[in-house]
Amino acid sequence: MDWMRTLYSRMQYRVRAGAEWSEAFTSLWGILAGDSMSPAFFDAYISDFKPPTTESDIIIGDTPIGNMELADDIVEITSTNPKRPDLTHAQEKLTYTEHDYCHNQAFLELNGSKQSGHIIIEQVNDFRYGGVIFSSDPRPKHLFERNYRTRAAQARSALYSVFATEAFVGTLSVHDGITMYYARVDPYLVHGFEAVIDIDAESLKLLEDVQLEFIRRLLDLNPRCAIAPLFVETGILPIRHRRLILALRYAKYTLSLPDRHYAKKAYLDAIVLYKAGKRCWVRDLETALTKLPDFPVITDITQMESSGGISALVDEVHDSCAQYLHKQLQSSRLPLFNNPHRSLNFANPKSFLRKKKYLHTIFVPAHRRAVSKLLTSDHGLAIEQYRRVRRRDGSAIPVDERWCRYCNSPTESEVHALFLCIGDEAFPDIVTRRQQFYNDISRILPSFSVDRCLRNPSRSIHFLLDTPDLAPAFGKYVFDVLAMFPGFPKASDS
Ligand SMILES: [Zn+2]
């Protein structure tokens, strides 16, 4: 305390304009904004703020909670019957707060509308406390719907700001983009995880849409690209799993607190409510776990009662995420994501979420984008373009009838274009370019064998991408080859 007193009493300021500095001067007003001691000072200042305990206070465990203070953000709580609201107890608290405490004791003034010296109490449908918006308006579907909408809008605004920087600094590298994501967008997406559990799919989707848009823009993929590769390639955890893991860790943290701590009392009270069959935070947590896509996590309340049990649940959510991503990668649309080639290991679910080396070893943005498009089937090759096309009778076009536009092989696939296509008389460039690529690779890695590459092209693609010396040459090759197969391929013979 002496140190802080010294800091404030001796502090001097100077104003800088360009290279010039003003004389030093002292300020007798204000606090160090942003300093963690500032709210602590306010807490010390209002430590004797003790509104009366009334029978309408909320009871958590055996503790009545009638007011909360987060520095100067103060809330007083009164439970009433919505059909016959009785604000007698609320008046007791207001009289104490305005008259006994603020006016007579602390010399503070409440921040509210005034008329003839009396504070007007307004009825509001939305109320923000601790950064979380609570809505009582009947229009939103649930208490936190406006909170989701606000956070999603803020996250999207941050997303636009991040990509607006490209006008000044050029294309963001994936590494920088991910750093900016965690610094500017993720805080809005995870905000309130300890209070708001994602049990409403529609609200959660607002946050998921922003996360997907960010990763797609970072990798320059179109909105129809497959979702799982976005996470697997960048190492970013899907927001649904991330928020749930953070909430579980918060539950574990509350259990580690002393018994007198309100957060622990609230958590233990939620467990009591759960056991009594009532709606509560713990039940929401259970619901969110059972709603995880494809691989729900089933829990029982005993797991929630111990920190070991909660840690096991966190591991199960990581497993569920890995299984979900793995299942999505098995799609016939993603032939280059076969498990054996990508070091994905169920014993280590985090292996599914590692930023891939090629995203930074291929430093030319256009080449890196070409590789992302190749891997995620976001390209113009016939195998992908004819996936959504139907014949006149409504049937799908078989894979072996998506002909190569140059050599008339049955399938114009990724592997075909990169390693097998022989072009045609009018277009021999692809063979020349491939030979040049083989020469480049052989020069960098003399042990490279074209035969080995052709024996298992899919595995070779991942070998080339995972080898830092080879990835840039491969990235340029992929860029050149995809440029040779532009737009929509020729019409199918059918
Ligand atoms: Zn071909």
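A nonpolar core is a set of buried Ala, Val, Leu, Ile, Met, Phe, Trp, Tyr and Cys residues joined through C-beta atoms within 7 Å; buried requires 20 or more other C-beta atoms within 10 Å of the residue's own, with C-beta atoms placed from the backbone. The model is predicted: local features need pLDDT of at least 70, side-chain atom pairs count only at pLDDT 80 or more, and totals for chains, interfaces and linings use all residues. Residues are numbered from 1 along each chain as its sequence is written.

Select first the largest nonpolar core, which has 88 residues. Ala155, Val185, Val210, Leu285, Leu325, Val371 and Val478 have the most contacts inside this core. Next, select residues 307-329: this is helix α13, which gives the most to the core, with eight residues (helices are DSSP runs of H or I, at least four residues, numbered from the N terminus).

Now colour the domains, whose bounds come from an automatic or database domain assignment: domain 1 (2-45), domain 2 (145-350) and domain 3 (362-484). The core draws at least three residues from each of domain 2 and domain 3. The C-alpha centres of these two domains lie 34 Å apart. At their interface, 16 residues of domain 2 are in contact with 14 residues of domain 3, contact being C-beta atoms, placed from the backbone, within 7 Å.

Centre next on Val371. Leaving aside residues up to four places away in sequence, Val371 touches Tyr358, Ile362, Leu465, Gly475 and Val478.

Finally, select helices α10 (residues 262-275) and α11 (residues 281-290), whose axes come within 7 Å and cross at roughly 70°. Ala270, Ile271 and Tyr274 of α10 meet Trp281, Val282 and Arg283 of α11.

Technical notes
Axes fitted to C-alpha atoms, helices over the stretch in contact; angles between N-to-C directions. Helix = DSSP H or I, 4+ residues; strand = E, 2+ residues; numbered from the N terminus. Contact = placed C-beta atoms within 7 Å. Buried ≥ 20, exposed ≤ 12 C-beta atoms within 10 Å, placed from the backbone.
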